[in-house]
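Visitor: Please take a close look at how one pair of helices packs together in this structure. I would then like a connected account of the surrounding elements and of selected residues.

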Amino acid sequence: MFVVRRVAIVLAAGAGRRLGADEPKAFLHVGGRSMLSLAAAAAAASPAVDGLIVTAPEGWEQRARPLLEGLAKPVVIIGGGLTRHASVRAAIAALSDDVEAVACHDAARPFVPPDLFTAVFDALNGEVDGVIPVMPILDTIKRVQSGVVVETVPREQLGQAQTPQAFRIGPFLDAHARAAGAGLDFTDDAAVLEWAGYRVGTVAGDPGNVKITTIGDLASAEARMSGDLLG
């Protein structure tokens, strides 16, 4: 337990099976550094973040510790759950009563800029209960059923969500408690608040804030860190 006002929850308990790795995804290296250390360092570099909670796979907590040394903010490492939603619930148990807002971030987005944490926290106000970064959809989107196009979806009404996603603590805790009571499991924290009837606003996402999910993504991240790609 620790007392801070704004906490970044860095979710690093994913197995990364689609990468075919022998260790959890967040522990894989890109350019000589783990995704976990890159993502946590970005969160700690934001002046809006007072402290971090990192969820690691059960049994990997001690392996995570050296990856987080030297951060300028206090860090608590806890065991995560089998799903992302379960890991968030585990992080909730580590929050102190003084926390006013949280920002949930996937360690699989290691290139997140620190100012994106600042942006989502700063955009929390009396009109919204959460804030997420959103990238515009540039391609034409088709709704397909059984291999046949049935609709062209107006892309002006669509956006691609990123993390970190920031929330006022009251709505965040209430929405997650209600979801747990209903036996629901979400892959996105904003979706939990939307389901619970809270308002979620947006800020501009960052095109470099990509999520590493596949082997191709990992190769692109390696190239980026080595300077073979721009951005």
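**A helix pair and its setting**

Guide: In helix 3, His85, Val88, Arg89 and Ile92 meet Phe172, Leu173, His176, Ala179 and Ala180 of helix 5; contact here means heavy atoms within 4.5 Å. By class, this contact of helix 3 with helix 5 has 6 nonpolar, 2 polar and 1 charged residues. In that count, Ala, Val, Leu, Ile, Met, Phe, Trp, Tyr, Cys and Pro are nonpolar, Asp, Glu, Lys and Arg are charged, and the others, Gly among them, are polar. The model is a predicted one, in which local features need pLDDT of at least 70 and side-chain atom pairs count only at pLDDT 80 or more, while totals for chains, interfaces and linings use all residues. Residues are numbered from 1 along each chain as its sequence is written, and side-chain values use heavy atoms, with hydrogens and water left out.

Two packed helices are described by the angle between their axes and the distance between the axes. Helix 3 spans residues 84-92 and helix 5 residues 169-181; their axes come within 11 Å and cross at roughly 125°. Helix 3 is therefore oblique to helix 5. Angles under 35 degrees count as roughly parallel, over 145 as roughly antiparallel, 65 to 115 as roughly perpendicular and the rest as oblique. Each axis is a line fitted to C-alpha atoms, for helices over the stretch in contact, and angles run from 0 to 180 degrees between N-to-C directions. The crossing of helix 3 and helix 5 is left-handed, a term used if the near helix is turned anticlockwise from the far one by less than a right angle. Helices (H or I, at least four residues) and strands (E, at least two) are DSSP runs, numbered from the N terminus.

Serine 87 also belongs to helix 3. With a relative accessible area of 3%, serine 87 is buried; buried means under 20% relative accessible area, exposed over 50% and partly exposed in between, with a 1.4 Å probe and protein chains only. The side chain of serine 87 reaches the backbone nitrogen of glycine 81 at 2.9 Å. Beyond its neighbours within four places in sequence, serine 87 is in contact with Leu11, Ala13, Thr55, Gly80 and Gly81.

Leu11 also appears in the surroundings of histidine 105, a residue of strand 6 (residues 101-106). Leaving aside neighbours within four places in sequence, the contacts of histidine 105 include Leu11, Ala39, Phe117, Thr163 and Pro164. Histidine 105 counts as buried because its relative accessibility is 0%. Its side chain makes a polar contact of 2.9 Å with the side chain of threonine 163. Such a contact is a pair of N or O atoms within 3.5 Å; within protein, one must be able to donate a hydrogen and the other to accept it, and residues adjacent in sequence count only if both atoms are side-chain atoms. The peptide bond from threonine 163 to proline 164 is cis, with omega near 15°. Proline 164 is in the loop between strand 10 (159-161) and strand 11.

Phe117 leads to helix 4 (residues 114-122), whose buried residues are Leu116, Phe117, Thr118, Val120 and Phe121. Among the elements that cover these buried residues are strand 1 (6-11), helix 1 (35-45), strand 6 and strand 7 (130-136). Helix 1 is itself mostly covered, with 9 of its 11 residues buried; Met35, Leu36, Leu38 and Ala39 are among them.

Proline 133 lies in strand 7 and is buried, with a relative accessible area of 0%. Not counting residues up to four places away in sequence, proline 133 touches Leu116, Val120, Thr163 and Pro164, among others.

A further proline, proline 57, is found in the loop between strand 4 (51-56) and helix 2 (61-64). Proline 57 is buried at a relative accessible area of 12%. Residues up to four places away aside, proline 57 touches Ala12, Ala13, Pro24 and Phe27. The C-alpha atoms of proline 57 and proline 24 are separated by 7.4 Å, although these residues are 33 residues apart along the chain.

Two loop residues are exposed. Serine 146, between strand 8 (141-145) and strand 9 (148-153), has a relative accessible area of 80%. Phi of serine 146 is near 55°, a positive value in a residue other than glycine. Aspartate 139, in the loop between strand 7 and strand 8, is exposed at 58% relative accessible area.
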